[in-house]
Structure formats: C-alpha cells, structure tokens
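Q: Please take a close look at the sheet in this model, and then at what packs around it. I would like one connected account rather than a list.

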Amino acid sequence: MDEIRSTHANHMELVVADYPKAAFVLENELKALNFQVKEDRGVIHIYDDQLTQNDIIQAMVRSQVKIGALNDKKQPLEDYFLQLIEGGDSHA
C-alpha cells in the first residue's frame, strides 16, 4: 500500500524539453530518489515530498534547464483504484 501511495498519489509534474538533464539535476543535485521520467511526454513525476517547487525551480535555473510547467498533482487513492478497475491508464 505504501508503494501505491508513493507512486500514484500526490506528486509534482515537471514539464521540460531536456528531461535527461532535468533527471540528472534531480538525482545528483537535489538527491531525489523517488521520481519517474515519462519520456514519451517530456514529463517527470516527482514523488519526493521533501522537495518544494522552489527547490526544484532554483536547481533547474542554476543548471539552465528550461521549465515548461511545474504543477502539484493530487490524486485521491480512490481515483487510482477506480482507474485500475475500469482499465484506465496503465500503472508503473
């Protein structure tokens, strides 16, 4: 259950053109361990609740990674289970 909460509940969605560089910054500068790169959409889902939007923005600016968007995404656990039952988006 904790795994489901950490990967499908609340997260930040970072939209960037250079997602490999952004992932490098997250992992090496911010020491984020819990994020997922959605290469097909140029999006990174960040599940690390210790990071703030401000932390992420500052690190990306320092590393010259252009940010398209950074949004908080909140998905109630009930919605996630409904998606699974109804055959919604596949899960990781």
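A: In this predicted model, 4 strands form an open sheet in the order β2-β3-β1-β4, with antiparallel pairing. Its edge strands are β2 and β4 (67-73), each of which pairs on one side only. Taken on average and with direction ignored, neighbouring strands of the sheet are turned by 15 degrees against each other. Within this arrangement, β1 and β3 pair in the antiparallel sense over 4 bridges, and V15 has V43 of β3 as its bridge partner.

The helices can be placed relative to these strands. Helix α3 lies across β1, β3 and β4, and runs at about 165 degrees to β4. Helix α2, which spans residues 19-29, has A22, A23, V25 and L26 as its buried residues. Seen down the axis of α2, these buried residues fall within an arc of 155 degrees, and they therefore line one face of the helix. The cover over the buried residues of α2 includes three strands of the sheet, namely β1 (11-16), β2 (35-38) and β3 (43-46), and also the helix α3 (53-62). Thus α3 appears on two counts, lying across β1, β3 and β4 and being among the elements that cover the buried residues of α2.

One backbone detail belongs to the end of this helix: just after α2, K31 takes a positive phi of about 60 degrees.

Methods. Residues numbered from 1 in each chain as written. Predicted model: local features only at pLDDT ≥ 70, side-chain atom pairs only at ≥ 80, totals over all residues. Heavy atoms only, no water. Buried < 20%, exposed > 50% of the residue type's maximum accessible area, 1.4 Å probe, protein only. Arc of directions from axis to C-beta. Contact = heavy atoms within 4.5 Å. Pairing = 2+ DSSP bridges. Axes fitted to C-alpha atoms, helices over the stretch in contact; angles between N-to-C directions.
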